[in-house]
Amino acid sequence: RAVAMSVSHSSRLNKLVREQYMRLPQDGRVQVTYVWIDGSGEGVRCKSRTLDKEPKSIEDVPEWNFDGSSTAQAEGSNSDMFLVPVCMFRDPFCLDPNKLVLCEVLKYNRKPAETNLRHTCKKVMDLVKDSHPWFGMEQEYTLLGINGHPYGWPDNGFPGPQGPYYCGVGADKVYGRDIVESHYKACLYAGVKICGTNAEVMPSQWEFQVGPCEGIEMGDHLWMARFILHRVCEDFGVVATLDPKPMTGNWNGAGCHTNYSTEEMRRE
């Protein structure tokens, strides 16, 4: 018996109708989507605005603001937060010339928000720039149905024991490859330094790799890759979780381990 997958209602909307509108010309104007990390330190938020012409560099993207009381980043009585653009990418969802822009968050007094860890990281990276630190991140994640159950798992019970799923091939071994390959292509289009992907040990668990990234690029490209993953999953109607242990029991956990080197370490 075919099992009905638990996907979101919006994913069932007619995407061909959407394409009719996506093909409309923009008369030289550009849609810029601002992306930032919210008060949880884990979630990403976004909102979009129109610019009169395509920004050629991050300096061409103006600062913006948002209501921090709605993202657990400010009190309702003083909730204005600043979005400071720091890294720009092509938009794989609305296509050229539209942009995705990663932002730092500043409070009303221009001090970094508590979850703005990029601010201090950038200072450190600038101090050690002559060492040319390289980072390679391996981000594991799990695909869930909208009901929180791992995507493709039986409604009642569990898949077979771990073993055949890691780097697996075949409908009985991997779940959700369409999502993974769409994410990969979207990152390549955006200019994210994605460098690989593979199925992981637990069924419906996957990994993508980002790097090598030098200095602060490390966080910028990893966070944009995460944002793009969540957006791709939204289109397919499922959820990507970075939870280190989404399933209790003897199932493989998920993490993001980092490979690191300096120029001196890379010499013979």
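This tour moves through a predicted model, one selection at a time.

**The two domains**

Begin by colouring residues 10–127 as domain 1 and residues 130–266 as domain 2. The C-alpha centres of these two domains lie 23 Å apart. Domain 1 gives 23 residues to the contact, and domain 2 gives 23 residues as well.

**Strand 1 and its partners**

Select residues 30–37, which make up strand 1. This strand is mostly covered, with 7 of its 8 residues buried. Next, add residues 44–51, which form strand 2 and run antiparallel to strand 1, with 8 bridges joining the two. Strands 1 and 2 form a hairpin with 6 residues between them. In the turn, select Gly-41, whose phi is positive at about 80°.

Now show residues 99–106, strand 5. Strand 5 runs parallel to strand 1 and is joined to it by 4 bridges. Which residues should be displayed around Thr-33 to see its partners in strand 2 and strand 5? Ser-48 stands opposite Thr-33 in strand 2, while Leu-100 is its bridge partner in strand 5.

**From Asn-65 to strand 5**

Move to strand 3, residues 64–67, and select Asn-65 within it. Asn-65 has a relative accessible area of 31% and is therefore partly exposed. Leaving aside neighbours within four places in sequence, Asn-65 is in contact with Lys-47, Asp-80, Met-81, Phe-82 and Leu-83. A distance drawn between the C-alpha atoms of Asn-65 and Val-105 reads 8.8 Å, although their positions lie 40 residues apart along the chain.

**Asn-116 and Arg-118**

Select Asn-116 in the loop between strand 5 and helix 2, the latter being residues 118–127. Is Asn-116 buried or exposed? Its relative accessibility is 9%, so Asn-116 counts as buried. Beyond neighbours within four places in sequence, Asn-116 is in contact with Glu-104, Val-105 and Leu-106. The side chains of Asn-116 and Glu-104 are joined by a polar contact of 3.1 Å. For a wider view, display Pro-25 too: its C-alpha is 36 Å from that of Asn-116, and the two are 91 residues apart in sequence.

Continue to Arg-118 in helix 2. Arg-118 counts as buried because its relative accessible area is 17%, and the cut-off for that class is under 20%. Its contacts, leaving aside neighbours within four places in sequence, are Val-86, Glu-104, Ile-216 and Asp-220. With Asp-220, the side chain of Arg-118 makes a side-chain polar contact of 2.8 Å.

**Helix 3**

Select residues 177–190, helix 3. Its 14 residues should span 20 Å at 1.5 Å a residue, and the end C-alpha atoms are indeed 20 Å apart. Colour Ile-179, Val-180, His-183, Ala-186, Cys-187 and Ala-190, which are buried. Viewed down the axis of helix 3, the buried residues fall within an arc of 130°, so they line one face of the helix. An α-helix has 3.6 residues a turn, so residues three or four places apart point the same way.

What do the buried residues of helix 3 pack against? They meet strand 4 (80–90), strand 6 (134–144), strand 7 (194–199), strand 8 (205–214) and helix 4 (217–236). On the face turned away from the buried side, select the exposed residues Asp-178 and Lys-185. Just after helix 3, Gly-191 takes a positive phi of about 95°.

**Helix 4**

Next, select helix 4, which is mostly covered, with 15 of its 20 residues buried. The expected span of these 20 residues at 1.5 Å a residue is 28 Å, which agrees with the 28 Å between its end C-alpha atoms. Gly-237 follows helix 4 and has a positive phi near 85°.

**Backbone details**

Finish with a few backbone features. Asp-96 and Pro-97 are joined by a cis peptide bond with omega about 5°; Pro-97 is in the loop between strand 4 and strand 5. Another cis peptide bond, with omega about -5°, joins Gly-211 and Pro-212, and Pro-212 lies in strand 8.

Ala-72, in the loop between strand 3 and strand 4, has a positive phi near 60° without being a glycine. Ala-72 counts as exposed, at 64% relative accessibility. Arg-110, likewise not a glycine, has a positive phi of about 70°. Arg-110 sits in the loop between strand 5 and helix 2 and counts as partly exposed, at 41% relative accessibility.

How values were computed
Residues are numbered from 1 along each chain as its sequence is written. Side-chain values use heavy atoms; hydrogens and water are left out. Buried means under 20% relative accessible area, exposed over 50%, partly exposed in between (1.4 Å probe, protein chains only). Two strands pair if DSSP finds at least two bridges between them. Contact means heavy atoms within 4.5 Å. A polar contact is a pair of N or O atoms within 3.5 Å; within protein, one must be able to donate a hydrogen and the other to accept it, and residues adjacent in sequence count only if both atoms are side-chain atoms. The expected span of a helix is 1.5 Å times one less than its number of residues. The arc is that of the directions from the helix axis to the C-beta atoms. Domain bounds come from an automatic or database domain assignment.
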